[in-house]
Amino acid sequence: MARATKHPAPKVVRDEEGLARLRARGVTRALTLWPEWGVAFTLLDKRVENRPMPPFRNMIGQRIAFHMGKWIGGRKAGYEDGIESLVMTALASGWMAVHGLPLGTDFKLMPEAVLSKGSRAGKVVTLRFPEDIVTSAITFTAVIGGFHPPTPDPKIPWQMGTPPGDDEPAFAWIVEDVEVLETPVACPGAQGVWTL
């Protein structure tokens with residue numbers, strides 16, 4: 001009986017020209033996110049990135065690249081958790097579900113989320129899953145404007161709360177002047193802040 005052969009995931013081909021264009025603009029550092037959070041920045045109004053430590057001092061005021069990781073939810077089997085976390089955090093940050101999200105929503109089968117913010121003339125965004133979520137590529141750049149320290153009671157949208165005594169604090173990095181790339185720049189990412 002023949003053994004099943006495991007096939008590794010295909011390697012991401014680096015878009016060297018795209019990376020060179022970013023470096024020519026002075027963008028030399030990158031931060032990898034779980035890819036579902038990219039649309040929170042590019043299509044919604046997320047302007048903080050929650051991290052277990054503050055940004056390096058020499059990053060404040062600097063434009064960096066934001067890379068979308070390989071797996072929605074941070075792992076191969078994390079799709080449903082990732083989509084649920086994105087939608088539920090958007091709702092907690094002031095967005096409303098246009099068609100409603102009933103209790104027991106199966107986020108694995110959810111093809112889209114239609115969210116609105118503001119009055120009747122407010123912004124309406126349709127997030128299509130997984131089509132709108134780019135993986136293994138840089139999708140936007142932004143300036144790191146500082147950070148808010150961990151707090152159990154966040155006052156700004158999208159900031160995670162950190163209960164007292166939590167050994168995984170959430171520093172809210174302030175993300176300003178988001179520039180969405182017309183074409184994502186494919187490349188593998190890394191944990192933490194890394195050099196392009």
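**Strand pairing and helix packing in the predicted model**

In this predicted model, strand β1 (residues 29-33) pairs with strand β3 (residues 63-68) in the parallel sense, and four bridges connect the two. Within this pairing, Ala30 has Ala65 of β3 as its bridge partner. On β3, a further pairing is made with β7, this one antiparallel and spanning six bridges. Here Met68 stands opposite Ala137 in β7. Strand β7 (137-148) is in turn joined to β8 by nine bridges, and these two strands run antiparallel. One pair of facing residues in this part of the structure is Gly146 and Ile174, the latter in β8.

These pairings belong to an open sheet of six strands, arranged in the order β2-β8-β7-β3-β1-β9, with mixed pairing. The edges are occupied by β2 (48-51) and β9 (193-195); each has a single partner strand, and therefore one side of each is left without a neighbour in the sheet. From one strand to the next, the twist averages 45°. Helix α1 packs on this sheet, where it touches β7 and β8, and its direction makes about 135° with that of β8.

The packing of α1 can be described residue by residue. Helix α1 comprises residues 16-24, and its buried residues are Gly18, Leu19 and Leu22. Viewed down the axis of α1, these buried residues fall within an arc of 100°, so they line one face of the helix. This arrangement may be read against the geometry of helices in general. An α-helix has 3.6 residues a turn, so residues three or four places apart point the same way. The buried residues of α1 pack against β7 (137-148) and β8 (171-186), whereas Glu17 and Ala24, on the other side of the helix, are exposed. After α1 comes Gly26, which has a positive phi, near 90°.

Strand β7, one of the strands touched by α1, is mostly covered, with nine of its 12 residues buried. Thr139 lies in this strand. The relative accessibility of Thr139 is 9%, and because the limit for a buried residue is under 20%, Thr139 counts as buried. With residues up to four places away in sequence left aside, Thr139 touches Thr42, Phe66, Met68, Val134, Glu179, Val180, Leu181 and Pro184. Of these contacts, Phe66 and Met68 fall within the residue range of β3, while Glu179, Val180, Leu181 and Pro184 fall within that of β8.

A contrasting case is found in the loop between β7 and β8, where Met160 is located. Its relative accessibility is 46%, and Met160 therefore counts as partly exposed. Beyond residues up to four places away in sequence, Met160 touches Asn50, Thr151, Pro154 and Ala170. Met160 is also separated from Val13 by 147 residues in sequence and, from C-alpha to C-alpha, by 34 Å in space.

A second part of the model contains an open sheet of three strands, in the order β4-β5-β6, with antiparallel pairing. In this sheet β4 (96-97) and β6 (123-128) stand at the edges with a single partner strand each, so one side of each is left without a neighbour in the sheet. Two bridges join β4 to strand β5 (residues 112-117) in the antiparallel sense, and Met96 stands opposite Ser116 in β5. Helix α3 (residues 79-92) lies across β4, β5 and β6 and runs at about 15° to β5.

Considered as a whole, the chain contains three helices and nine strands. Along the sequence, these elements follow the pattern α-β-α-β-β-α-β-β-β-β-β-β. The radius of gyration of the chain is 18 Å, close to the 16 Å that the globule rule gives for 196 residues, so the chain is as compact as a globular protein of that length. The C-alpha trace spans about 55 × 50 × 40 Å along its principal axes. Of the 196 residues, 39% count as buried. The accessible surface comes to about 11,500 Å², and 56% of this surface belongs to carbon and sulfur atoms. Among contacts between residues at least 6 apart in sequence, 74% join residues at least 24 apart.

Notes
Residues are numbered from 1 along each chain as its sequence is written. This is a predicted model: local features need pLDDT of at least 70, side-chain atom pairs count only at pLDDT 80 or more; totals for chains, interfaces and linings use all residues. Side-chain values use heavy atoms; hydrogens and water are left out. Buried means under 20% relative accessible area, exposed over 50%, partly exposed in between (1.4 Å probe, protein chains only). The arc is that of the directions from the helix axis to the C-beta atoms. Contact means heavy atoms within 4.5 Å. Two strands pair if DSSP finds at least two bridges between them. Axes are lines fitted to C-alpha atoms, for helices over the stretch in contact, and angles run from 0 to 180 degrees between N-to-C directions. The radius of gyration is taken over C-alpha atoms; the globule rule is 2.2 Å times the number of residues to the power 0.38. Accessible areas come from the Shrake-Rupley method with a 1.4 Å probe; for residues, only the protein chains shown count as cover.
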